[in-house]
Each structure stands twice: as C-alpha cells, then as structure tokens.
Amino acid sequence: MFATTGHTETATTNYKAVLPFYGYAALAFLAACILLLFSAADISGHYFLPHNLAIIHTMALGWGTMVILGASHQLIPVLIEGKLYSHRLAYISFVLAATGIPLLTYGFYVFDMGRPAQWGGIGIIAAIIAYGVNLAMSMVKSKHENVHAFFVFTAAIWLLATAIVGLLLVYNFTYPLLQQSSLAYLSLHAHIGIVGWFLL
C-alpha cells in the first residue's frame with residue numbers, strides 16, 4: 001500500500017498486519033452485543049457485577065483498543081513518512097492482545113481473579129509494550145519528525161499505565177499489593193483508561 005504525501009510516495013503498513021486487528025474488533029463487538037443480550041438484568045445493577053465488567057472490557061479492549069491499535073499501525077508510517085519498523089512486532093502485538101483479552105474477560109465473567117485474569121492482563125500489557133516498541137523504533141528510524149506521531153506514542157504510554165493499574169487491581173484480589181481493596185482504586189483505573197482511550 002502507498003500513501004501520496006505531496007510529490008512523494010510513502011510505503012505504509014501491509015494490510016495483512018492491520019486487518020487482524022479490525023477483524024478481531026468486529027468479532028469482539030459482536031461478542032459484547034451477545035453478552036449484553038444475555039446479561040440485560042445485570043446492566044441495571046451495580047457496575048462492579050462480573051458480567052458488567054466482562055462486557056465493559058470486551059468493548060473497551062476487544063473492540064475499541066483493537067481498532068485503535070490497527071489504525072495506528074497504519075497511521076504512524078504515514079505520519080513519519082517512513083516504514084513501520086517491524087510487521088512481526090505488529091503480529092506479536094496482535095497475538096498477545098487477542099489471547100489476553102478473552103482470558104481477562106473470562107476471569108471477569110466468572111469473577112475468578114486467579115490465573116486466567118492475571119495471565120490475560122499480562123498478555124495485554126505485553127501487547128501494548130510490543131506496540132509501543134514498534135512505534136518508537138519506527139519513529140527513531142524515520143528521517144522525518146512529526147508531532148502527531150509523538151502524540152500517538154505518548155498516548156500508547158498512557159494506555160500502558162492504564163493496563164498496569166488494571167493488572168495491579170486484578171492481582172490485589174489474590175495478593176494484598178495495595179492498602180485498600182481493588183474497588184477503592186477502580187475509579188483511578190477507569191479515569192486513566194477513559195482519558196487514554198480518547199488520546200489514542
């Protein structure tokens with residue numbers, strides 16, 4: 001694929017590295033709609049109910065974040081007028097996120113904050129790190145600086161911070177890492193996540 005910028009042509013990310021993110025996001029959106037259908041009674045209840053947490057994270061991570069990751073893998077090369085550093089890292093990021101998201105949401109759905117949720121959270125963080133490294137290396141190797149690319153990269157760091165806080169809250173159910181219960185810190189995680197999501 002090529003994007004025309006002025007009088008030059010800049011190679012963009014291969015569609016094979018981007019489409020899996022979009023395809024996964026579409027399936028996650030469908031899964032969230034099905035979960036909503038079968039959890040209608042829970043929606044009017046407390047936001048911390050297991051099914052509500054599963055639906056929220058299916059939408060936020062499986063749908064929204066996967067669309068954002070796919071789009072920014074395609075956007076960054078256009079902004080920096082250069083190539084994506086590694087298509088392999090893009091695939092790795094996809095596989096880690098695609099594996100981690102259902103593990104985490106399953107943990108929420110059955111409200112088991114043990115290994116499935118913990119490994120899912122670790123997978124998501126590893127996916128964000130792989131994504132961030134790919135963006136950073138793409139920017140370093142480019143001959144063109146672009147403030148918008150730096151903005152996308154800092155938003156990725158914000159997303160990583162959100163995921164780390166979320167994983168701490170998951171682990172806090174099993175190991176007392178924090179002074180109070182995870183519910184006391186949930187608003188921090190939610191507000192960081194909402195801001196980071198809109199930054200990306």
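This is a walk through how some helices of this structure pack together, and through the spaces left between them. Keep in mind that the model is predicted.

Let's start with helix α1, which covers residues 15-38. Find α3, residues 50-80, and look at how the two lie against each other. Their axes are 8 Å apart, and the packing angle is about 165°. Angles over 145 degrees count as roughly antiparallel, so that label fits α1 and α3. The crossing of this pair is left-handed. What kinds of residues make up the contact? Sorted by class, there are 17 nonpolar and five polar residues, with no charged ones. If you want to spot some of them, α1 brings residues including F21, Y22, F29 and L36, while among the α3 residues on the other side are I55, M59, W63 and V67.

Now stay with α1 and turn to α4, which runs over residues 87-109. Here the axes are 9 Å apart, and the angle is about 10°. Under 35 degrees, a pair counts as roughly parallel, and α1 and α4 therefore get that description. The contact between them holds 13 nonpolar residues, two polar ones and one charged. From α1 the residues taking part are K16, A17, P20, F21, Y24 and L35. They meet a set in α4 that includes H87, Y91, F94, I101 and Y109. Did you notice some familiar names? F21, Y24 and L35 are among the α1 residues that meet α3, and they are also among those that meet α4.

Next, follow α3 over to α6, residues 147-172. How far apart are the axes of α3 and α6? They come within 10 Å, crossing at roughly 150°. That angle makes the two helices roughly antiparallel, because the cut-off is 145 degrees. Once again the crossing is left-handed. On the α3 side you'll find T65, S72, I76, L79 and I80, and they meet H148, A149, V152 and L159 of α6. By class, that contact comes to six nonpolar and three polar residues, with no charged ones.

So much for helices touching; what about the gaps? The count gives one cavity of 30 Å³ or more, and the volume of the largest cavity is about 40 Å³. Its lining is made of L61, T65, M66, L69, A97, I101, I124, A127 and I128. Which helix gives the most to this lining? That would be α3, with four residues, though α3, α4 and α5 each supply at least two. Eight of the lining residues are nonpolar, one is polar and none is charged. T65 is worth a second look: this residue lines the cavity and also belongs to the contact of α3 with α6.

Finally, there's the largest pocket, which holds about 750 Å³ of space. It has 33 lining residues, and those closest to its centre are I56, H57, T162, H189 and A190. Several helices share the job of lining this pocket: α3, α4, α5, α6 and α7 each supply at least two residues. The biggest share comes from α7 (182-199), which gives 10 residues. As for the chemistry of the lining, 24 residues are nonpolar, nine are polar and none is charged.

Conventions:
Residues are numbered from 1 along each chain as its sequence is written. This is a predicted model: local features need pLDDT of at least 70, side-chain atom pairs count only at pLDDT 80 or more; totals for chains, interfaces and linings use all residues. Side-chain values use heavy atoms; hydrogens and water are left out. On a 1 Å grid over the protein atoms alone, a cavity is a set of points where a 1.4 Å probe fits but cannot get out, and a pocket is an open set with protein on both sides within 12 Å along at least five of seven lines; lining residues have an atom within 4 Å of a point. Grid points are joined across faces, edges and corners, and a volume is the space filled by probe spheres set on the points. Ala, Val, Leu, Ile, Met, Phe, Trp, Tyr, Cys and Pro count as nonpolar, Asp, Glu, Lys and Arg as charged, and the others, Gly among them, as polar. Axes are lines fitted to C-alpha atoms, for helices over the stretch in contact, and angles run from 0 to 180 degrees between N-to-C directions. Angles under 35 degrees count as roughly parallel, over 145 as roughly antiparallel, 65 to 115 as roughly perpendicular and the rest as oblique. A crossing is left-handed if the near helix is turned anticlockwise from the far one by less than a right angle, and right-handed if clockwise. Contact means heavy atoms within 4.5 Å.
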